[in-house]
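Colleague: Please pick one part of this model and take a close look at it. I would like the reasoning as well as the values, and then the surroundings of that part.

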Amino acid sequence: MAGGRPTKYREKYAEMLIGFFAGGSVDFENLNGRDPVVGRFPTLARFALNIGTHTETLQNWSNAENEDGTKKHPEFFDAYKAAKNYQEAFIYEGAMAGAINPTFAIWSAKAILRHRDNDQNLNQETPQPLSISFTVENASKDASA
């Protein structure tokens, strides 16, 4: 018999999560020369607050496994991954439309989406040695030519 409190998880949360994240959008159709209109930025934190739990709990529900290694809540696992995709689309599309501040978009991609710069040298803590080789040729040949 498993111990601890009963789970607050409800099957309806998977559908609610998709609905919540699908609602965050940038209105590209009604710009009419004005600044883009940005819908609410969808976050797991806001969804968790709306259902009375924490973001860690959402992640636990997504990752929970049965004893045989299968997902305990496969519908929520899929919804959680889809929510992250909606969030990524919102950040990228909003930034490309000029509706999201570029600094915020970069920060969001790194902090929220866990994207990283590809340049290996950007995060290098210790300097690497540089090796330079020279070849010395006979200078008298060049002088006589």
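Modeller: A residue counts as buried when its relative accessible area is under 20%, as exposed when it is over 50%, and as partly exposed in between. The model is predicted. The part I take is Thr70, which sits in the loop between α3 and α4. Thr70 has a relative accessibility of 39%, and because this value falls between the two limits, Thr70 is partly exposed. If neighbours within four places in sequence are left aside, the contacts of Thr70 are Ala64 and Glu65.

Glu65 also takes part in a salt bridge, in which its side chain meets that of Lys71 at 4.0 Å, N to O. By the rule used here, the count of salt bridges is one. Both partners can be judged by the limits applied to Thr70. Lys71, at 26% relative accessible area, is partly exposed. Glu65 is at 46%, so Glu65 is partly exposed too.

For the wider setting, the protein chain has six helices and two strands, in the order α-β-β-α-α-α-α-α from the N terminus. Of its 145 residues, 23% are buried. Among contacts with a separation of 6 or more, 55% join residues that are 24 or more positions apart.

The two helices that flank the loop, α3 and α4, also help to cover buried residues of α1 and α2. In α1 (12-22), the buried residues are Tyr13, Ala14, Leu17, Phe20 and Phe21. They lie on the same side of α1 because they cover an arc of only 130° around the axis. This fits the geometry of an α-helix: with 3.6 residues a turn, residues three or four places apart point the same way. Lys12 and Glu15 are exposed on the other side of α1. The cover over the buried residues of α1 includes α2, α3 and α4.

The account of α2 runs along similar lines. Leu44, Phe47, Ala48 and Ile51 are its buried residues. Their arc around the axis is only 100°, which means that they are on the same side of α2. Leu49 and Asn50 are exposed on the face of α2 turned away from that buried side. The buried residues of α2 pack against α1, α3 and α4. After α2 comes Gly52, with a positive phi near 80°.

Helices α3 and α4 return in the second largest pocket, which holds about 220 Å³ of space. Three elements give two or more residues to its lining: α2 (44-51), α3 (55-63) and α4 (74-96). The lining residues are Thr43, Leu44, Ala45, Thr55, Glu56, Gln59, Tyr80, Lys84, Gln87, Ala111, Ile112 and Arg114. By type, five of the lining residues are nonpolar, four are polar and three are charged. Leu44 is in this lining and is also one of the buried residues of α2.

To return to the chosen part: Thr70 lies in the α3-α4 loop and is in contact with Glu65, whose side chain is in the salt bridge with Lys71.

Definitions and conventions. Residues are numbered from 1 along each chain as its sequence is written. This is a predicted model: local features need pLDDT of at least 70, side-chain atom pairs count only at pLDDT 80 or more; totals for chains, interfaces and linings use all residues. Side-chain values use heavy atoms; hydrogens and water are left out. On a 1 Å grid over the protein atoms alone, a cavity is a set of points where a 1.4 Å probe fits but cannot get out, and a pocket is an open set with protein on both sides within 12 Å along at least five of seven lines; lining residues have an atom within 4 Å of a point. Grid points are joined across faces, edges and corners, and a volume is the space filled by probe spheres set on the points. Helices (H or I, at least four residues) and strands (E, at least two) are DSSP runs, numbered from the N terminus. Ala, Val, Leu, Ile, Met, Phe, Trp, Tyr, Cys and Pro count as nonpolar, Asp, Glu, Lys and Arg as charged, and the others, Gly among them, as polar. Buried means under 20% relative accessible area, exposed over 50%, partly exposed in between (1.4 Å probe, protein chains only). The arc is that of the directions from the helix axis to the C-beta atoms. Contact means heavy atoms within 4.5 Å.
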